[in-house]
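The following exercises are to be worked with the sequence and the three-dimensional structure at hand. Each consists of a task and a solution set out in steps.

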Amino acid sequence: MDLEIQQRVKDLTEKHGAENVVVVIGGAEAEASGLSAETVSAGDPTFAGPLAGVELGLAVYHMVEPEIKDECDAAVYDEQCGMMEMVLDVDAIIGEVKTIREQYSKF
């Protein structure tokens, strides 16, 4: 997760409160998705960005998780995400993000 996005997440959390922010990520690999999830919930593990040492505890989901997918219009989801979902390791991504969420999310 780049530094600019980290700062935007931090600013939005300060403005709206962590209990009112849900982060939806869309990384193509489980490891990258897990790092993004960890960054917005437990703090930047690389200690390089605005969220270094900042535990926001945000709820974080991946776009392919049922909790998010089910909230989308099926036709729009299929058009925007359907092709990628066929080539991604969806189970690995869901497992990685869910593990991080259960470990660090407070909301």
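**Exercise 1. The pair E85 and K69**

Determine how exposed E85 is, and describe the salt bridge in which E85 takes part.

Solution.
1. The relative accessible area of E85 is 21%, so E85 counts as partly exposed; the classes are buried (under 20%), exposed (over 50%) and partly exposed in between, computed with a 1.4 Å probe on protein chains only.
2. The side chain of E85 meets that of K69 in a salt bridge, at 3.0 Å from N to O. A salt bridge is a side-chain nitrogen of Lys or Arg within 4 Å of a carboxyl oxygen of Asp or Glu.
3. E85 belongs to helix α4 (residues 74-87) and K69 to helix α3, so the pair ties together parts that are 16 residues apart in sequence. Helices (H or I, at least four residues) and strands (E, at least two) are DSSP runs, numbered from the N terminus.
4. K69 is also partly exposed, at 30% relative accessibility.

The model is predicted: local features need pLDDT of at least 70 and side-chain atom pairs count only at pLDDT 80 or more, while totals for chains, interfaces and linings use all residues. Residues are numbered from 1 along each chain as its sequence is written, and side-chain values use heavy atoms, with hydrogens and water left out.

**Exercise 2. The other salt bridges**

State how many salt bridges a search of the whole structure finds, and characterise those formed by E65 and by E102.

Solution.
1. The search of the whole structure gives three salt bridges.
2. In one of them, E65 pairs with R101 through their side chains, at 2.9 Å from N to O. E65 is in the loop between β2 and α3 (66-69), whereas R101 is in helix α5 (residues 90-104), so this pair ties together parts that are 36 residues apart in sequence.
3. E65 is buried, at a relative accessible area of 1%, and R101 also counts as buried, at 10%.
4. E102 pairs with K98, and their closest N and O atoms are 4.0 Å apart. E102 and K98 both lie in helix α5, four residues apart, about one turn of the helix.
5. E102 is exposed, with a relative accessible area of 57%, and K98 counts as partly exposed, at 39%.

**Exercise 3. The cysteines**

Explain why C81 is in no disulfide with C72.

Solution.
1. A disulfide is a pair of cysteine sulfur atoms within 2.5 Å. A search of the whole structure finds zero disulfides.
2. The cysteine sulfur closest to that of C81 belongs to C72, and at 6.8 Å it is too far for a bond.
3. C81 is buried, at 18% relative accessible area, while C72 is partly exposed, at 27%.

**Exercise 4. The two sides of helix α1**

Identify which residues of α1 are buried and which are exposed, and establish how they are arranged around the helix.

Solution.
1. Helix α1 covers residues 3-16, which makes 14 residues, and reaches 20 Å from its first C-alpha to its last, close to the 20 Å expected at 1.5 Å a residue. The expected span is 1.5 Å times one less than the number of residues.
2. Q6, V9 and T13 are the buried residues of α1. They cover an arc of only 65° around the axis, which puts them on the same side of α1; the arc is that of the directions from the helix axis to the C-beta atoms.
3. An α-helix has 3.6 residues a turn, so residues three or four places apart point the same way.
4. E4, R8, E14 and K15 are exposed on the other side of α1.
5. The buried residues of α1 pack against β1 (22-25) and α2 (30-41); contact means heavy atoms within 4.5 Å.

**Exercise 5. Helix α2 and S36**

Assess how far α2 is enclosed, and place S36 within this picture.

Solution.
1. Nine of the twelve residues of α2 are buried, so this helix is largely enclosed by the rest of the structure.
2. The cover over the buried residues of α2 includes α1, β1, β2 and α5.
3. S36 is found in α2 and is buried, at 14% relative accessible area.
4. Apart from neighbours within four places in sequence, S36 is in contact with M1 and I25.
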